[in-house]
Amino acid sequence: MPAVTETLETVQSVTATGYKWGFETDIEMEFAPKGLNEDIVRFISRKKNEPEWLLEWRLKAFALWQRMEEPRWAAVKFPPIDYQDAYYFAAPKQKARPKSLDEVDPELLRTYEKLGIPLKEQAILAGVEGAGEAPADSGRMPVAVDAVFDSVSVATTFKERLAKEGIIFCSISEAVQTHPELVRQYLGTVVPQGDNFYAALNSAVFTDGSFVYIPKGVRCPMELSTYFRINAKSTGQFERTLIIADEGSYVSYLEGCTAPMRDENQLHAAVVELIALDDATIKYSTVQNWYPGDEQGRGGIYNFVTKRAHCRGRRSKVSWTQVETGSAITWKYPSCVLLGDDSVGEFYSVAITNNFQQADTGTKMIHVGKRTSSTIVSKGISAGQGQNTYRGLVRVAPTAAGARNFTQCDSLLIGDRCGAHTVPYIENRCMTAKVEHEATTSRIAEDQLFYCRSRGLSEEDAVGLIVNGFCREVLKELPMEFAVEAQKLLQISLEGSVG
Amino acid sequence: MTAIPETRPSGAAGFLHRYEGLAGRLPGHRLPWLSALRARGAEAFRAQGLPTRRVEAWKYTDLRPLADAGFEEPLTALDTAPPLPRPRGGARAVFVDGRFRPDLSGLDGAALEAGSLAQALPRLEGRIGALASPEELPLVALNTMLFEDGLLAWVPEGTDAGVLELVSVATDSGRPAAFHPRHLIRLGRGARLTVIETAAGSAGARYLHNPVYEIEVAEGATLVHARLQQEGRQGFQLSTVQARVAAGGTYDNFTLNAGARLVRNEIHVALTGPGAACHMNGAQLLAGGQHADTTTFLDHAAPNCVSRQTYKTVLAGRSRGVFQGKILVRQAAQKTDGYQMNQALLLSPEAEMDSKPQLEIYADDVKCSHGATVGELDHDQLFYLRTRGVPEAEARSLLIEAFLVEAVEGVTDETARGTLQEAVRGWWAREAAAS
């Protein structure tokens, strides 16, 4: 019963306009000259006052990128991207770096408020009732937020409180200044500069993103989150996130993203690196809600992202959960390299494509350590003329004695003009490993639909309810506030797909 | 200054070289349509070459050992009589090094028209190449360019033609030889046929057997195609089946890969009429340094079709197994029911199994699923048998057979099933004894 009520409320709260994050913030911006060359790379590095080694690192990446070609193996189609026709640095103008939230441009704060991301400390993430003033130590956990607006981080909340525990949570630009040794030690060790075309591009021109370090034995007392917003026209966003969980630590990290509605396509090429040492756990959740383009497939974000985790320590664990509702094109494979013995990798994903959206997403689980185990649960939903592909790799090295993988991929088709595809790769070189893969494709069962309709639900609500049920295994992995948000998103994303 | 070594063309260049030298002598060289088709094959092969692992469809199978070999035409004396497999009853067509041997075959009295393709070429315009287009697959291009002979089997409408045996034997002429037979099998409306195929070769022979099958199953017809691949351990087999099944027809393919150094078994089936069905099953029994690749492509192009696939691979030694299976459901193919399962058993720490099942679906009212598992023998089952007094080696053999049986059981024709069961039974005991 509560689930039904909740779904109904969700549906009611959804406006007919669909994408409600599509507004544009009118704010004075500073851009790098259009185009991409070594000077732009130097410009970005100078702008961020980076040490020499980092500039060299970027230039090496740029040199690699120039020799690389865009990957063409994904089941997505798009016109060639002109990499010279975009701004690689766009930041709101500000006099000096704000020392506290009070100094942040109120226009920016209003933008995040509108997006439901309160940058006031002691506020909790929107999406649940009573957002705003819950004190930090009330029943609900507060959420620390790093807000990235186009190319720069504009604010990070709860920094002092986290610092008391020894936790470093700040933008990566700031970490380069304040903790250069940590950044230098870990940056690019999980996703090297030349890993792939988009990762190389990102390594050359990345601007901001989050940096997290959880010291030994510390359980991070609150959810950490980053909210990415693309606002400026003709810009790309190249975020770089680096999370290090030292021995025995735990952190749960959330990521959200939105962009204005525009007829042009914008590129978002991020790199996320996670490192878990002995007995550490990182839980990484994403609700990806970039602008998906309109009903005719005009505009929308190209989300070409490289996310990878190294479970370097024994008994370390990384869990990826993603809800992918936005973007015109998604190209994303959050992966785990399971190096430490007994380490664990998980991947839970819901990907929705409606209208003309295309998603080619999945994961890679590379088993190296003994008794490593991985679980993959992927739910793909296609509607309209959307194309949804699960592409995944499970590789077991000869060293991974006793390794275990279970994979479940389900696809749901709504309408006869969409497509659902499953492309798993299973490579096993270890006799004692056990690998299992299952995939199904079906449409919403008539009898389920009929049952809901006979209980008085409209067809659209019934579909929403069934889809939420279909995705439940994944949604339950999300932190509570995000789960509510994600349910709403599923509903909105499927609007207009029924009837 | 180092001298540039004189190189004999090998790999793709070697085959093209042979084609250029032979074009005026190949069977049917006076038929303009056939010469044009062969030229298309050469053109496509020149453009594509032998596939490398950079090509997605060949990600797990490396043809370099083949490219390095430098094959020539087989030189078989017409009266060689290599040992043949025991006859299974019914009609029999025997090919030695890819050439039809009427003296060893027995096709009289069969309820079908069967014989040498080379003899029938003038009548085959528009038939050869109708299903297997050289532009699509490089190995079909190679075959198109160089085929000399093959089986022609036409079953008239409404006829049950019983069992037809297709035997291919490779002899050892002391130098690497390549043959590229083209087999045409066509069943009229409501016809039935069981083809039991054995491919074998002498143990030390280095050869390439590159057959292409064009199979047409008309409305309501049923073809059972059971293939037993027992090529010599130095042989390469790269086979391509292109089959089309019309409304209400059934194509039932079972392939058992037990021989060869390297085998690629590629099967493309298109279900083009409502209610067509396809069963594709197979087993790969690999040991030593063998490499076996089964690649299937099921094209559901019409509504209400059913497809079932079960593939089992057992890997010992340093062997490597590959399974790639794609099911495509086109927009028109509503009410499709597709199922695919591939399972592998690793018996050795040095064996490797790579699987890539794949679904590509554009129709919404469908039921499609696939599954894949890789693992070792179940310790509990082994323990159970040991507690019942079964010796370890026997227990392993039993469990391996039990694992394979599921795939063989799917073969509907009794004679075919018997032949396959025989090959599976005791495989492990023989391998274990040999190693």
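I'll start in the middle of chain A, with a parallel pairing: strand β15, residues 329–332 of chain A, is joined to β18(A) by 4 bridges. I329(A) is the residue opposite Q358(A) in β18(A). Before going further, note that this is a predicted model.

On its other pairing, β18(A) runs parallel to strand β21 of chain A, residues 387–396, again through 4 bridges. Here Q358(A) has Q387(A) in β21(A) opposite. So much for the backbone; now the side chains of this strand. β18 covers residues 358–361 of chain A, with Q358(A) and D360(A) pointing one way and A359(A) and T361(A) the other. Buried or exposed, these four? All are buried.

Next, strand β22 of chain A, residues 404–414, which contains N405(A). N405(A) counts as buried because 25 C-beta neighbours fall inside 10 Å, and the threshold for that label is 20 or more. Setting aside neighbours within four places in sequence, the contacts of N405(A) are M365(A), S374(A), V394(A), V435(A) and E436(A). For a distance to check on screen, take A245(A): it sits 160 residues from N405(A) along the chain, and the two C-alpha atoms are separated by 24 Å.

Two of those contact residues, V435(A) and E436(A), lead to strand β24 of chain A, residues 434–443. β22(A) and β24(A) run parallel and are joined by 10 bridges, with C409(A) opposite A439(A). Which side chains of β24(A) are buried? V435(A), H437(A), A439(A), T441(A) and R443(A) are, and they point to one face. K434(A), E436(A), E438(A), T440(A) and S442(A) point to the other face and are not buried.

β24(A) also takes us across to the second chain. It pairs with β21(B) in the antiparallel sense, over 7 bridges. E436(A) has T373(B) as its bridge partner in β21(B). There is another cross-chain pairing: strand β23 of chain A, residues 419–428, and β20(B), antiparallel over 6 bridges. In that one, T422(A) stands opposite L359(B).

Now the contact between the chains as a whole. It takes 29 residues from chain A and 31 from chain B. On the chain B side, the elements that give two or more residues are β20, 352–361, and β21, 367–375. Of these, β20(B) gives the most, with 10 residues. What is the make-up of that side by class? It has 13 nonpolar, 9 polar and 9 charged residues.

Next, the chains one at a time. Chain A has 12 helices and 24 strands, and 58% of its 499 residues are buried. Of its contacts with a separation of 6 or more, 83% are between residues 24 or more positions apart.

Chain B has 9 helices and 21 strands, with 55% of its 435 residues buried. Among its contacts between residues at least 6 apart in sequence, 83% join residues at least 24 apart. The C-alpha trace of chain B spans about 70 × 60 × 45 Å along its principal axes. How does its radius of gyration sit against a compact globule? For 435 residues the globule would have a value near 22 Å, and chain B has 21 Å, so the two agree.

On to the core. In soluble globular proteins, nonpolar side chains tend to be buried together. The largest nonpolar core here has 277 residues, and I282(A) and L164(B) touch the most other members. Strand β5 of chain B, residues 160–170, gives the most to this core, with 7 residues. Away from its neighbours within four places in sequence, L164(B) has contacts that include G90(B), A91(B), A110(B), L112(B), L193(B) and V195(B).

Last, two backbone angles. Most residues other than glycine have a negative phi, and most peptide bonds are trans. D342(A) has a positive phi, near 60°. Its place is the loop between β16 (335–338) and β17 (344–353) of chain A. D342(A) counts as partly exposed because it has 18 C-beta neighbours inside 10 Å.

D97(B) also has a positive phi, near 50°, and lies in the loop between β1 (91–96) and β2 (99–100) of chain B. Is D97(B) buried or exposed? D97(B) is buried, since 26 other C-beta atoms lie within 10 Å.

Note on methods:
Residues are numbered from 1 along each chain as its sequence is written. Chains are lettered from A and ligands numbered from 1 in the order in which they are written. This is a predicted model: local features need pLDDT of at least 70, side-chain atom pairs count only at pLDDT 80 or more; totals for chains, interfaces and linings use all residues. A nonpolar core is a set of buried Ala, Val, Leu, Ile, Met, Phe, Trp, Tyr and Cys residues joined through C-beta atoms within 7 Å. A residue is buried if 20 or more other C-beta atoms lie within 10 Å of its own, exposed if 12 or fewer, and partly exposed in between; C-beta atoms are placed from the backbone. Two residues are in contact if their C-beta atoms, placed from the backbone, lie within 7 Å. Ala, Val, Leu, Ile, Met, Phe, Trp, Tyr, Cys and Pro count as nonpolar, Asp, Glu, Lys and Arg as charged, and the others, Gly among them, as polar. Two strands pair if DSSP finds at least two bridges between them. The radius of gyration is taken over C-alpha atoms; the globule rule is 2.2 Å times the number of residues to the power 0.38.
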